[in-house]
Amino acid sequence: MEARVERSSLQEVRALLARFSDGAQRAHVRTLNKTVAKGRVESDRAIRKQVRLKAAYVKSLLTITKASIRKPQAKISTPSRGLLLSRFSTDTSIAGDKVGWLKPPSIPARGIRIKVKPSGGAKVFSGDDEIKGKPFYMVLPGTSGRVAIVGRRARAGSDGGKIKVFYGPSLSQVFTDVKEDIGEPMALYQMQQFEKEIDAILRGY
């Protein structure tokens with residue numbers, strides 16, 4: 001039995017290996033970018049199971065950094081600062097972004113009601129020990145009419161301010177809580193996508 005490797009066959013093998021080497025890098029980058037895009041969608045869904053926020057708003061705060069050949073790393077970033085507590089108001093005109101307030105709305109007779117979790121009932125927000133009196137609404141400067149829930153401090157804060165702005169959980173905190181839940185499915189998705197990309201390269205695409 002005799003086996004021969006012709007010069008033309010050897011050149012074809014070299015070309016295939018070169019193409020595979022370059023293609024594997026491209027496949028890795030494409031896989032990362034597909035996975036991070038999928039991760040953004042799944043993170044959005046998981047976060048909204050924890051906090052009562054609109055899908056479009058959550059999506060706008062989940063920032064994607066795509067991978068490249070030079071930097072094969074993709075990630076999802078979220079703001080670390082807490083969300084304004086007014087985002088969880090049961091009054092949609094206060095919670096949403098469609099209204100730009102020129103002056104703060106009046107306090108409802110039943111008090112300021114908020115609902116942070118998607119499930120369960122709303123509750124009246126009465127402030128905390130740092131403020132005196134009841135919380136009220138304020139139009140924040142430089143926010144195109146965004147309303148916040150605030151209170152007058154019993155004593156000046158560390159920066160000297162006498163008004164306390166109330167915040168709910170940050171999206172970063174919620175994302176940290178849910179990313180372990182989506183981590184395993186995303187790892188499986190990434191592996192499946194990489195296999196598809198490599199298969200496409202081997203088929204000449």
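This passage describes the overall make-up of a predicted model and its two largest pockets.

The protein chain contains 4 helices and 9 strands. Read from the N terminus, these elements follow the order α-α-β-β-β-α-β-β-β-β-β-β-α. The chain comprises 205 residues, and 32% of them count as buried. Among contacts with a separation of 6 or more, 64% are formed by residues 24 or more positions apart. The accessible surface amounts to about 13,800 Å², with carbon and sulfur atoms contributing 52% of that area.

The largest pocket has a volume of about 350 Å³. Its lining consists of 13 residues, and Lys 54, Thr 92, Ala 95, Gly 96 and Asp 97 are the closest to the pocket centre. Helix α3, which spans residues 92–95, makes the greatest contribution to this lining, with 3 residues. In terms of residue class, 5 charged residues are found in the lining of the largest pocket, together with 4 polar and 4 nonpolar residues.

The second largest pocket encloses about 260 Å³ of space. Of the 14 residues that line this pocket, Val 36, Ala 74, Lys 75, Ile 76 and Phe 175 lie nearest its centre. At least two lining residues are supplied by each of α1 (7–48), β2 (75–77) and α4 (171–202). The largest share, 6 residues, is provided by α4. The lining of the second largest pocket divides by class into 7 nonpolar, 5 polar and 2 charged residues.

Terms used
Residues numbered from 1 in each chain as written. Predicted model: local features only at pLDDT ≥ 70, side-chain atom pairs only at ≥ 80, totals over all residues. Heavy atoms only, no water. 1 Å grid on protein atoms, 1.4 Å probe; cavity = no way out; pocket = protein on both sides within 12 Å on 5 of 7 lines; lining within 4 Å. Points joined across faces, edges and corners; volume = space filled by probe spheres on them. Nonpolar A, V, L, I, M, F, W, Y, C, P; charged D, E, K, R; others polar. Buried < 20%, exposed > 50% of the residue type's maximum accessible area, 1.4 Å probe, protein only. Contact = heavy atoms within 4.5 Å. Areas by Shrake-Rupley, 256 points an atom, 1.4 Å probe, with all protein chains shown as cover.
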